[in-house]
Amino acid sequence: MTWNIRRAALDDAASIAACFRRSYTPNYPYALFNEDVVCSNLQNPDVAMWVVETGGAVRGTAAVVFDKERRKAELGRACIDPDYRGIKENGRSQFQDLITERVQYALDEGAAILHSTAVTSHPKSQVGLQKGGFIPACFEYGKYADLYGTQRETTIEMIYEDSPLLVYRRAHRETATKITDLLSLPFAAGKDHQPDGSELSQNVDLISNHALITVVPGNQSMQDAVSPMTDALSQIIDAQDKFDYVQVKTAADYPHIALLYDALKFNNFRLAGFLPGWSEDHDFIVMQSLRTQLNRDKIYLTSQSRNFVDIVEGLGNI
Ligand SMILES: CC(C)(COP(=O)(O)OP(=O)(O)OC[C@H]1O[C@@H](n2cnc3c(N)ncnc32)[C@H](O)[C@@H]1OP(=O)(O)O)[C@@H](O)C(=O)NCCC(=O)NCCS
């Protein structure tokens, strides 16, 4: 069976919504079961959507979502109708073609870093992304609500290895921070400039009952950093009381971060990974805390993902 991949049009909205309904439980976070939400995505200039037509009808979809600076491009919102999965042509699947198409588009649009979230309820998204040139960067243990009727979903944030920003960073390997080396990731942290003042922001997802907190300590003396870091810590501990999962992203390139890192470890946070170039000025260390235990047997990891998880859990969680 052959297929055709093309950019989605407004009148694909009903078929796209149907693909999502057939692929996920209602816990899927972006409300794409709803045709109106799909329509507004299709009209959003920061979202580019594709469909796969197989056997004459739309059987799959995927998107690229840009951040507001169009610096980062996220490949996401992918699904293939359950009755049309696993089909191959010349050794390639519809999902692989969707990945290649979107990578090329994001690069052509000038994105500096391409990333995608792989789920672990099944190995296919990891396999597909891996074949498409993505490598694991962050192991997010139970970050999402139960998407497939098994348990809270653990995901792996994967980064396109040949993202322009990483190619640049590799050329400047000598600027690697200790943390990057500690995590043994194949790219280097760099810091060309830092803003003054500290930043603290929080995003909440009520469906997944999680809070994502970003902390940038600021380019200031250790003494001046104490008060903002204490504020950040109390907000984080407060979130830990309220949410099932809390993720903290901390800018990796300040010595102050060691204080927060230790305080978080003391409060049962674990290292999750390292995200290079996550903002214009910073690479981020990611830590996480989950209120419940998961059944690890239901978390499928490819050998590449397993190696990554072993490194992160072995290094940061002692
Ligand atoms: C993810 C999804 C789009 C993949 O599409 P698909 O047509 O089912 O998958 P593919 O045919 O590309 O298979 C992916 C790969 O996983 C491999 N695979 C399947 N089961 C496997 C297993 N148990 N262990 C290891 N590899 C496995 C397949 O062999 C294939 O690799 P290959 O190309 O080397 O043969 C589809 O399964 C889907 O819509 N799932 C529900 C929604 C979803 O999870 N979206 C992705 C969120 S990140």
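This report describes a predicted model of a protein chain with a ligand, moving from the chain as a whole to the ligand shell, the helix pairs and a few single residues.

## The chain as a whole

The protein chain is built from nine helices and 14 strands. Of its 318 residues, 45% count as buried. When contacts are restricted to residues at least 6 apart in sequence, 66% of those in the protein chain join residues at least 24 apart.

## The shell around the ligand

The ligand is surrounded by 18 residues, of which Cys 79, Arg 85, Ser 93, Ser 125 and Val 127 come nearest. By class, this shell has eight nonpolar and eight polar residues, together with two charged ones.

Several elements take part in the shell: strand 4 (72-80), helix 3 (94-108), strand 7 (113-119) and helix 4 each supply at least two residues. Helix 4 gives the most, with four residues.

## Helix 4 and its partner, helix 3

Helix 4 spans residues 124-131, and within it Ser 125, Gln 126, Gly 128, Leu 129 and Gln 130 are buried. Ser 125 therefore has at least 20 other C-beta atoms within 10 Å of its own, and Ser 125 is also one of the residues that come nearest to the ligand. Just after the helix, Gly 133 takes a positive phi of about 100°.

Two packed helices are described by the angle between their axes and the distance between the axes. For helix 3 and helix 4, the axes come within 9 Å and cross at roughly 45°, which makes helix 3 oblique to helix 4. The crossing of this pair is right-handed. On the helix 3 side the contact involves Phe 95, Gln 96 and Ile 99, which meet Gly 128, Leu 129 and Lys 131 of helix 4; taken together, the residues of this contact divide into three nonpolar, two polar and one charged. Of the helix 4 residues in this contact, Gly 128 and Leu 129 are among those that count as buried.

## Helix 1 and its contacts

Helix 1 (residues 13-23) packs with helix 2 (residues 35-42) at an angle of about 115°, and their axes are 8 Å apart. The crossing of helix 1 and helix 2 is right-handed. In this contact, Ala 13, Ala 14, Ile 16 and Ala 17 of helix 1 meet Glu 35, Val 38, Cys 39 and Leu 42 of helix 2, and by class the residues are seven nonpolar, no polar and one charged.

Arg 22 is also in helix 1. With 14 other C-beta atoms within 10 Å, Arg 22 is partly exposed. Leaving aside residues up to four places away in sequence, Arg 22 touches Asp 81 and Pro 82. Although Arg 22 and Pro 82 are 60 residues apart along the chain, their C-alpha atoms are separated by 7.0 Å.

## Helices 7 and 8

The axes of helix 7 (residues 222-242) and helix 8 come within 11 Å and cross at roughly 25°, and helix 7 is therefore roughly parallel to helix 8. Helix 7 passes helix 8 in a right-handed crossing.

An α-helix has 3.6 residues a turn, so residues three or four places apart point the same way. In this pair, Met 229, Ala 232, Leu 233 and Ile 236 of helix 7 meet Leu 259, Leu 260, Ala 263 and Leu 264 of helix 8. The residues of the contact divide into eight nonpolar, no polar and no charged.

## Two asparagines with positive phi

Most residues other than glycine have a negative phi, and most peptide bonds are trans. Asn 90, although it is not a glycine, has a positive phi of about 50°. Asn 90 is found in the loop between strand 5 (88-89) and strand 6 (92-93), and it counts as exposed because it has 4 C-beta neighbours inside 10 Å.

Asn 268 is another residue other than glycine with a positive phi, in this case near 70°. The place of Asn 268 is in the loop between helix 8 (257-266) and strand 13 (270-275). Asn 268 has 12 C-beta neighbours inside 10 Å and so counts as exposed, the cut-off for that class being 12 or fewer.

Notes:
Residues numbered from 1 in each chain as written. Predicted model: local features only at pLDDT ≥ 70, side-chain atom pairs only at ≥ 80, totals over all residues. Near = placed C-beta within 6 Å. Nonpolar A, V, L, I, M, F, W, Y, C, P; charged D, E, K, R; others polar. Contact = placed C-beta atoms within 7 Å. Axes fitted to C-alpha atoms, helices over the stretch in contact; angles between N-to-C directions. Parallel < 35°, antiparallel > 145°, perpendicular 65-115°, else oblique. Left-handed = near helix turned anticlockwise from the far one by under 90°.
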